Amino acid sequence: MEMSLFSRDVIAMGTAVALSHDVYDTALLLGICDKIAPGLLIGALSVGHLPCVFVPSGPMGSGIKNAKKSKVRERFISGQTSREEMQDVEFQAYHSAGTCTFYGTANSNQVALEAMGLHVPGSAFVPPYAPLREALTREAVRTAVDIRLGGDSYTPIGELVDERSIVNALVTLVATGGSTNLLIHWVAVARAAGIIFDWSDVDDLSKVVPLLAKIYPNGPSDINDFENAGGTGFILRELAKLGLLHEDVVTVRRGGIQEHMLRPVISDDDESSLSFISAPEESPDEDTIRTAEDPFASTGGLALLKGNLGRSVIKISAVKPKNRYISAPAFVADRQEDVTAAFQRGELNRNVVVVVRFQGPAANGMPELHKLTAVLGALQRQGYSVALVTDGRMSGASGRIPAAIHLTPEAAKGGPCAKLRTGDHVTLDAENGILTVDAPAEEFEARENAELTAAGPLGLGRDLFAGMRHTVLGAEQGACSWLPFTD
């Protein structure tokens, strides 16, 4: 995981190399999951004259419920079940080709790409091997040929990705409670297109964009339930009703963004019969998707937290209102393994704000701290008020725990969290966008910063990324290793 974030930039560079041979009229971008899709898009934008169409392969079919999977993980970390039982559940959850079925980074990528008009309409969440999937893949090839260099509908990706399409992606992510990872990746995508935005812009959008979908971990439904209820086309149409989309954008289709509000269908498994129909006018599953007139919430799913500890983001849509405020003593660790060990010793059986620092891009490549989800979830189920503060990532799997993540400036670059000590009183207020340590300003400022001593050994490929860690920008600047400058 310490190489995970930088794999995005490796993919971007590899894409640029592949497209640099100057023998192409158009390109198909085959990528879905966490770092692949933004990496492909960043690389393609470096060759901005070339038309490009993304070709997804869809999610795996629904297996075991995500909530049951999470409970078994919590039982395992608490020593209440065997490794064999946990593995059996994992095999049931991840059982076939396709993306994971929860609304994490991979599926959030697909929603963003649909909202930007970079797919064939409605192609994100049709499962692999289905006849409709084959039809959509063939249509993607036809679309790429239609917009090719030298053709009548030439549509270079450098003109397609502009401020309006980026805003459409962000609005749709906020409306669906998408992954916080995209608040890094789409900042980087925008910068590759010459566009600057920050988390304040996303926070402003979230205050006016309603929450129209609940997909696990925001609710019980998975991405297949979302697709069956109307999918991204339904969401785009409802956002357009509210005037929250730029409808004058260019997309890979001649019909523009309006065509992306439709759903693909075929007749009798006949791939040649592909056509597009309107999404349902009313929600067929109001536990999963809602109309503009009846949203789950009047505000969106992502929020900015700021205070004397810096700036961070939180996936507020996954956190119950009663858990959105906590003020408690901190437990400070420099590795997630130290948190797990403290939990197993019973040292965290209290109201606590767990702080895990030196997890930012410059420290160790900003790994996703998935292991902490089970630990903190188990504490919360025991009745304790718990939260996480970290300069690392939690991906789309942060779940019901209030998690102030991507904290910037990071500890490795002298951020305030490097001064925190176990026992400091930390306040996280997601409703009001506050993250603070309750300490006298002069005393806190006078403290020496902790030093980066627990980044782990090099080797196993980590040393190859030393240059990237040295030049990388902060999380709010997209954690870009290929833009070694500041604003």
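Is M366 buried or exposed, and what is its relative accessible area? In this predicted model, M366 is buried, with a relative accessible area of 0%. The residue sits in the loop between α15 and α16 (371-381). Its phi is positive, at about 60°, although M366 is not a glycine.

F358 also has a positive phi without being a glycine; the value is about 55°. This residue belongs to the loop between β8 (352-356) and α15 (361-364). F358 has a relative accessible area of 2%. It therefore counts as buried, the limit being under 20%.

Two cis peptide bonds can be described next. One joins Y216 and P217, with omega at about 15°. P217 is placed in the loop between α10 (199-206) and α11 (223-228). Another cis peptide bond joins T408 and P409, and here omega is about 5°. P409 falls in the loop between β10 (403-408) and β11.

Helix packing is illustrated by α8 and α9. Helix α8 spans residues 163-176, and helix α9 spans residues 182-192. Their axes lie 11 Å apart and form an angle of about 170°. Angles over 145 degrees count as roughly antiparallel, so α8 is roughly antiparallel to α9. On the α8 side, the contact involves I166, A169 and L173. On the α9 side, L182, W186, V189 and A190 take part. Seven residues of this contact are nonpolar, none is polar and none is charged.

Helix α8 also carries V174. V174 has a relative accessible area of 1% and is therefore buried. Beyond its neighbours within four places in sequence, V174 touches V202, S206, V209 and L211. Its contacts also include G300, G301 and L302. The C-alpha atom of V174 is 13 Å from that of E238, and the two residues are 64 residues apart along the chain.

Charged pairs form a further theme. The structure contains 28 salt bridges. One of them joins R462 and E2, with the closest N and O atoms 2.5 Å apart. This pair connects distant parts of the chain, its members being 460 residues apart. R462 is in the loop between α17 (441-446) and α18 (466-471), whereas E2 is in the segment before α1 (4-19). R462 is partly exposed, at a relative accessible area of 22%. E2 is likewise partly exposed, with 22% relative accessibility.

A salt bridge also links D146 and R254. Here the closest N and O atoms are 2.6 Å apart. The partners are again in distant parts of the chain, 108 residues apart. D146 belongs to helix α6 (residues 131-146), while R254 lies in the loop between α12 (231-241) and α13 (256-259). The two partners fall into separate exposure classes: D146 is partly exposed at 24%, but R254 is exposed at 65%.

R324 and E431 supply another such pair. Their side chains meet in a salt bridge of 3.2 Å, N to O. The side chains are also joined by a polar contact of 3.2 Å. E431 is located in the loop between β11 (425-429) and β12 (434-437). R324 occupies the loop between β6 (310-315) and β7 (325-333). The two residues are 107 residues apart and tie together distant parts of the chain. E431 has a relative accessible area of 48% and is partly exposed. R324, by contrast, is buried, because its 16% relative accessibility is under the 20% limit.

Salt bridges with shared partners also build a network, which joins D34, K35, E368 and R393.

The surroundings of R324 extend beyond its charged partner. Leaving out neighbours within four places in sequence, R324 contacts I316 and V319. Its contacts also include L428, D429 and A430, as well as E431 itself.

Note on methods
Residues are numbered from 1 along each chain as its sequence is written. This is a predicted model: local features need pLDDT of at least 70, side-chain atom pairs count only at pLDDT 80 or more; totals for chains, interfaces and linings use all residues. Side-chain values use heavy atoms; hydrogens and water are left out. Axes are lines fitted to C-alpha atoms, for helices over the stretch in contact, and angles run from 0 to 180 degrees between N-to-C directions. Helices (H or I, at least four residues) and strands (E, at least two) are DSSP runs, numbered from the N terminus. Angles under 35 degrees count as roughly parallel, over 145 as roughly antiparallel, 65 to 115 as roughly perpendicular and the rest as oblique. Contact means heavy atoms within 4.5 Å. Ala, Val, Leu, Ile, Met, Phe, Trp, Tyr, Cys and Pro count as nonpolar, Asp, Glu, Lys and Arg as charged, and the others, Gly among them, as polar. A polar contact is a pair of N or O atoms within 3.5 Å; within protein, one must be able to donate a hydrogen and the other to accept it, and residues adjacent in sequence count only if both atoms are side-chain atoms. A salt bridge is a side-chain nitrogen of Lys or Arg within 4 Å of a carboxyl oxygen of Asp or Glu. Buried means under 20% relative accessible area, exposed over 50%, partly exposed in between (1.4 Å probe, protein chains only).
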